Amino acid sequence: LEHRNRRYQLHSADVLALEFPFTPEFNQTVTVQPDGYVTLRGVENLHVEGETLPEVTHALRMAYSKILHDPVINVELKDFEKPFFIVGGEVGHPGKFELREDTTATEAVAIAGGFRDSAKHSQVLLFHRVQGGWARVKKLDMKKMLKEGDLDEDAYLEPGDFLYVPKNTMSKIAKFIPTSSMGFYANPGVLR
């Protein structure tokens, strides 16, 4: 449960409103810069990317306690990156979609317009980013899940996940081939 209901961690471009009820001259709205820092009025810049709001509030109180006695600070997240997932490959409408609630991989394919005829839905790949620039990859056999009606293997998506539906083997064969090549396939004994 802790994994599924963890607190939001700040990203670059998130916007925070800092309110100082007893010292309003320090009130400010700050944006998390691409390097993860926010520029603050009266104190040094603070790295906040990857931190939760309670962690940032504590860090701000520590930073401002150098110039204010027992500072009271209210921190509000004003704008943030909306959770999303991406579906690519052989689906009706590949793209980036907002992750509004618990969504499974099969539901994500449906949201993206379902499988195309050229889809190899027995080898759908789910990529999930992990620390250090790596991605965890899980292969899903959606053909088996949907055929048997057993969705126990269906995976819940997490923000930033990428679901890729590859082409099946038959769709990789060229739609047009020169007719001179057809004689070889239709009458292979000619070469003897």
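Visitor: In which loop is glutamate 153 found?
Guide: This is a predicted model. Two elements flank glutamate 153, a helix made of residues 142-148 and a strand made of residues 162-165. Glutamate 153 is found in the loop between α3 and β10.

Visitor: Is glutamate 153 buried or exposed?
Guide: A residue counts as exposed when its relative accessible area is over 50%. Glutamate 153 has 54% relative accessibility, so glutamate 153 is exposed.

Visitor: Which residues gather with Glu153 in a patch of negative charge?
Guide: The patch lies on the surface. Besides Glu153, its members are Asp141, Glu148, Asp150 and Asp152.

Visitor: How many helices and strands does the protein have, and in what order do the elements run?
Guide: The secondary structure comes to four helices and 10 strands. Read from the N terminus, the order is β-β-β-β-α-β-β-β-α-β-β-α-β-α.

Visitor: In which sense do β8 and β9 pair, and over how many bridges?
Guide: Strand β8 covers residues 124-130 and strand β9 covers residues 134-140. Arginine 129 stands opposite alanine 135 in β9. The sense of the pairing is antiparallel, and the number of bridges is seven.

Visitor: Which residue in the hairpin of β8 and β9 takes a positive phi?
Guide: The hairpin has three residues between its strands. The phi in question is near 80 degrees, and the residue that takes it is glycine 132.

Visitor: Which residue in β10 stands opposite phenylalanine 127?
Guide: Strands β8 and β10 run antiparallel and are joined by three bridges. The residue opposite phenylalanine 127 is phenylalanine 162.

Visitor: Is threonine 104 buried or exposed?
Guide: Threonine 104 is found in the loop between β7 (95-98) and α2 (105-111). Buried means under 20% relative accessible area. Threonine 104 has 9% relative accessibility and therefore counts as buried.

Visitor: How far apart in space are threonine 104 and leucine 151?
Guide: In sequence, threonine 104 and leucine 151 are 47 residues apart. In space, C-alpha to C-alpha, the distance is 9.5 Å.

Visitor: What share of the residues in the protein is buried?
Guide: The protein has 192 residues. Buried residues make up 33%.

Visitor: Which parts does the salt bridge of glutamate 90 and arginine 116 tie together?
Guide: The structure holds four salt bridges. In one of them, the side chains of glutamate 90 and arginine 116 meet at 3.7 Å, N to O. Glutamate 90 lies in the loop between β6 (84-89) and β7 and arginine 116 in the loop between α2 and β8, so the pair ties together parts that are 26 residues apart in sequence.

Visitor: What is the relative accessible area of glutamate 90, and what is that of arginine 116?
Guide: Glutamate 90 is buried, at 10%. Arginine 116 is partly exposed, and its value is 38%.

Visitor: With which residue does arginine 100 form a salt bridge?
Guide: Arginine 100 is exposed, with a relative accessible area of 70%. The closest N and O atoms of the salt bridge are 3.6 Å apart. The partner is partly exposed, at 45% relative accessibility. That partner is glutamate 98.

Visitor: Which residue meets lysine 78 in a salt bridge?
Guide: The side chains come together at 3.5 Å, N to O. The partner of lysine 78 is partly exposed, with a relative accessible area of 43%. It is glutamate 76.

Notes:
Residues are numbered from 1 along each chain as its sequence is written. Side-chain values use heavy atoms; hydrogens and water are left out. Patches are made of residues with over 30% relative accessible area and no salt bridge: like charges are joined within 9 Å, nonpolar side chains (Val, Leu, Ile, Met, Phe, Trp, Tyr) within 5 Å. Accessible areas come from the Shrake-Rupley method with a 1.4 Å probe; for residues, only the protein chains shown count as cover. Lys and Arg count as positive and Asp and Glu as negative; His and the chain ends are not counted. The place of a charge is taken as NZ of Lys, CZ of Arg, CG of Asp or CD of Glu. Buried means under 20% relative accessible area, exposed over 50%, partly exposed in between (1.4 Å probe, protein chains only). Two strands pair if DSSP finds at least two bridges between them.
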